[in-house]
Amino acid sequence: MDLLNYKESFLNPLLKELVALIYLCATLVFLVARTRLGGELQKITGLLATTSLFGTLALAFRWRGDKLVAWKWGESLLFLLFAIVALIIAIRVSTRLKEATRIFRGGI
């Protein structure tokens with residue numbers, strides 16, 4: 001058996017299950033953090049939980065898409081949403097870091 005053969009290797013389902021578990025764990029960690037934080041950090045952890053949920057759902061569509069080609073659109077759409085929300089997070093964090101840097105350097 002070729003380990004890198006998509007249809008025959010035991011690694012394919014094993015890696016998919018591992019990724020799903022990691023996404024679910026990340027979602028839970030972000031949701032717990034969101035309940036403990038306030039302000040901007042609460043908003044950011046909420047967005048991070050959303051991206052993890054999109055990743056989990058996209059993976060589910062990926063599994064079904066291996067058997068039903070009609071499900072492939074779901075994977076693509078959810079990963080697109082994942083990327084959009086990740087970009088929003090990056091912009092918000094970058095903006096907040098610039099503000100913090102300016103404050104620490106003595107500016108207002």
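# A tour of a three-helix model

Residues 24 or more positions apart account for 53% of the contacts in the protein with a separation of 6 or more. Keep that figure in mind while moving through this predicted model.

**Stop 1: the whole chain.** Start with everything shown as a cartoon. The protein has 3 helices and 0 strands, and along the sequence the pattern reads α-α-α. Turn the view to follow the principal axes: the C-alpha atoms fill a box of roughly 60 × 25 × 25 Å. The radius of gyration is 18 Å, whereas a compact globule of 108 residues would have one near 13 Å.

Now switch on the surface. The protein exposes about 7,800 Å², and carbon and sulfur atoms supply 72% of that area. Of the 108 residues, 23% are buried.

**Stop 2: the nonpolar core.** Hide the surface and select Ile44, Leu47, Phe54, Ala58, Phe61, Leu78, Val85 and Ile89. These 8 residues form the largest nonpolar core. Helix 2, residues 39-67, and helix 3 each supply at least two of its members. Which helix gives the most to this core? Helix 2 does, with 5 residues. In soluble globular proteins, nonpolar side chains tend to be buried together.

Stay here and select Phe54 alone. Apart from neighbours within four places in sequence, Phe54 is in contact with Leu78, Leu81, Phe82 and Val85. Two of these partners, Leu78 and Val85, are also in the core list.

**Stop 3: two residues of helix 2.** Select Ser52, which is in helix 2. Is Ser52 buried or exposed? Ser52 is buried, because its relative accessible area is 5% and the cut-off for buried is under 20%. Show what surrounds Ser52: not counting residues up to four places away in sequence, Ser52 touches Tyr23, Ala26, Thr27 and Phe30.

Next select Thr56, also placed in helix 2. Thr56 counts as buried, at 16% relative accessibility. With neighbours within four places in sequence left aside, Thr56 is in contact with Tyr23, Leu24 and Thr27. Tyr23 and Thr27 therefore appear in the list for Ser52 and in the list for Thr56, where contact means heavy atoms within 4.5 Å. For a distance to check in the viewer, pick the C-alpha atoms of Thr56 and Leu78: they are separated by 9.1 Å, and the two residues are 22 apart along the chain.

**Stop 4: the salt bridge.** Side chains of opposite charge can pair when their charged atoms come close. How many salt bridges does the count come to? The count is 1. Select Glu40 and Arg92, whose side chains meet in a salt bridge at 2.9 Å, N to O. The pair links distant parts of the chain, with Glu40 in helix 2 and Arg92 in helix 3, 52 residues apart. Colour the two by accessibility: Glu40 is buried, with a relative accessible area of 19%, while Arg92 is partly exposed at 26%.

**Stop 5: a nonpolar patch outside.** Bring the surface back and select Trp73, Leu77, Leu80, Leu81, Ile84 and Ile88. Together they form a nonpolar patch on the surface, with about 550 Å² of accessible area. Leu81 was met earlier as a contact of Phe54.

Finish on Leu80, one of the patch residues. Leu80 lies in helix 3, which covers residues 72-104. Leu80 is classed as partly exposed, because its relative accessible area is 48% and exposed means over 50%.

Key: Residues are numbered from 1 along each chain as its sequence is written. This is a predicted model: local features need pLDDT of at least 70, side-chain atom pairs count only at pLDDT 80 or more; totals for chains, interfaces and linings use all residues. Side-chain values use heavy atoms; hydrogens and water are left out. Patches are made of residues with over 30% relative accessible area and no salt bridge: like charges are joined within 9 Å, nonpolar side chains (Val, Leu, Ile, Met, Phe, Trp, Tyr) within 5 Å. Accessible areas come from the Shrake-Rupley method with a 1.4 Å probe; for residues, only the protein chains shown count as cover. A salt bridge is a side-chain nitrogen of Lys or Arg within 4 Å of a carboxyl oxygen of Asp or Glu. Helices (H or I, at least four residues) and strands (E, at least two) are DSSP runs, numbered from the N terminus. Buried means under 20% relative accessible area, exposed over 50%, partly exposed in between (1.4 Å probe, protein chains only). The radius of gyration is taken over C-alpha atoms; the globule rule is 2.2 Å times the number of residues to the power 0.38. A nonpolar core is a set of buried Ala, Val, Leu, Ile, Met, Phe, Trp, Tyr and Cys residues joined through side-chain atoms within 4.5 Å.
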